[in-house]
Amino acid sequence: MNKQTFGNTIARLRKENGMTQLELAEKMGVTDKAVSKWERDLSYPDINSIAKLAEIFNVSVDELMQTKTDGNRNKVVNQIYAIANLAMKGVALAMGVAVVVLSTMNQLDTDAAIPMLGLGLACLAITQLEKS
């Protein structure tokens with residue numbers, strides 16, 4: 001079986017079994033709009049429905065679940081991680097600069113500086129988690 005998205009797998013199995021989206025929806029106890037969204041990978045059936053889908057299509061749950069990930073979705077997730085990583089580094093830098101500037105101006109005491117530096121270090125530590 002070629003790896004394909006979960007939605008493509010559902011659509012293929014539905015068509016192989018000569019069912020319409022409405023017929024599958026009735027068997028699953030959902031709307032045909034829900035089935036349409038599953039097939040377009042816009043949403044997914046709840047975990048309790050997977051066994052029922054496999055039974056309807058007369059396949060194993062393993063066969064039903066053998067899918068590939070959506071490459072575009074992985075790109076978006078990677079971009080989100082990159083932005084979050086950059087934001088964490090920015091917060092860390094801002095905390096360090098704020099402590100130095102405010103201390104130089106005698107506007108910051110030690111009790112206030114320690115939490116600011118701690119926040120900056122925590123942000124830097126978070127950016128290192130991905131690398132380990």
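Helices in this report are DSSP runs of H or I with at least four residues, numbered from the N terminus. By that rule Thr-110 belongs to helix H7. The model is predicted.

**Overall composition**

The protein chain holds seven helices and zero strands. Read from the N terminus, its order of elements is α-α-α-α-α-α-α. The chain has 132 residues, and 29% of them count as buried. Its exposed surface comes to about 9000 Å², with 59% supplied by carbon and sulfur atoms. Among contacts with a separation of 6 or more, 59% join residues 24 or more positions apart.

**Confidence**

Mean pLDDT for the protein chain is 87, and 89% of residues reach 70 or more. Of the elements, H2 has the highest mean pLDDT, 95, and H5 the lowest, 83. Where pLDDT is low, predicted coordinates should not be read in detail.

**Helix H1 and its cover**

Helix H1 spans residues 6–16, and its buried residues are Phe-6, Gly-7, Thr-9, Ile-10, Ala-11, Leu-13 and Arg-14. An α-helix has 3.6 residues a turn, so residues three or four places apart point the same way. The cover over the buried residues of H1 includes helix H2 (21–28), helix H3 (32–39), helix H4 (50–57) and helix H5 (61–65). After H1 comes Gly-18, with a positive phi near 65 degrees.

How do H1 and H4 cross, and at roughly what angle do their axes lie? Two packed helices are described by the angle and the distance between their axes. The axes of H1 and H4 come within 10 Å and cross at roughly 35 degrees, and the crossing is left-handed. On the H1 side the contact is made by Phe-6, Ile-10, Leu-13 and Arg-14, and on the H4 side by Ile-50, Leu-53 and Phe-57. Sorted by class, this contact has six nonpolar residues, one charged residue and no polar ones. All four of the H1 residues in the contact, Phe-6, Ile-10, Leu-13 and Arg-14, are also in the list of buried residues of H1.

**Trp-38 in helix H3**

Trp-38 lies in helix H3. Is Trp-38 buried or exposed? Its relative accessible area is 5%, under the 20% limit, and therefore Trp-38 counts as buried. Leaving aside residues up to four places away in sequence, Trp-38 touches Gly-7, Ile-10, Met-28, Val-30, Ser-43, Tyr-44, Pro-45 and Leu-53. Two of these, Gly-7 and Ile-10, are buried residues of H1, and Leu-53 is part of the H4 side of the contact with H1. The C-alpha atoms of Trp-38 and Ile-10 are separated by 7.6 Å, although the two residues are 28 residues apart along the chain.

**Other residues and their partners**

Asp-32 is also found in helix H3. Outside the residues up to four places away in sequence, Asp-32 touches Gln-21, Leu-22 and Ala-25. Gln-66 is placed in the loop between H5 and H6. The table lists relative accessible area together with a C-alpha separation for these residues and for Thr-110.

| Residue | Relative accessible area | C-alpha partner and distance | Separation along the chain |
|---|---|---|---|
| Asp-32 | 34%, partly exposed | Thr-20, 8.8 Å | twelve residues |
| Gln-66 | 38%, partly exposed | Gln-4, 7.6 Å | 62 residues |
| Thr-110 | 56%, exposed | Val-99, 9.5 Å | eleven residues |

Thr-110 counts as exposed because its value of 56% is over 50%. Asp-32, at 34%, falls between the two limits of 20% and 50% and so is partly exposed.

**Positive phi outside glycine**

Most residues other than glycine have a negative phi. Which value does phi take at Asp-41, a residue that is not a glycine? Phi of Asp-41 is positive, at about 60 degrees. Asp-41 sits in the loop between H3 and H4. With 13% relative accessibility, Asp-41 counts as buried, because the value is under 20%.

Asn-106 also has a positive phi, near 55 degrees, and is a residue other than glycine. Its place is the loop between helix H6 (71–104) and helix H7 (110–129). Asn-106 has 68% relative accessibility and therefore counts as exposed. Asp-41 is thus a buried loop residue, whereas Asn-106 is an exposed one.

Note on methods:
Residues numbered from 1 in each chain as written. Predicted model: local features only at pLDDT ≥ 70, side-chain atom pairs only at ≥ 80, totals over all residues. Heavy atoms only, no water. Helix = DSSP H or I, 4+ residues; strand = E, 2+ residues; numbered from the N terminus. Buried < 20%, exposed > 50% of the residue type's maximum accessible area, 1.4 Å probe, protein only. Contact = heavy atoms within 4.5 Å. Areas by Shrake-Rupley, 256 points an atom, 1.4 Å probe, with all protein chains shown as cover. Axes fitted to C-alpha atoms, helices over the stretch in contact; angles between N-to-C directions. Left-handed = near helix turned anticlockwise from the far one by under 90°. Nonpolar A, V, L, I, M, F, W, Y, C, P; charged D, E, K, R; others polar. pLDDT = per-residue confidence, 0-100.
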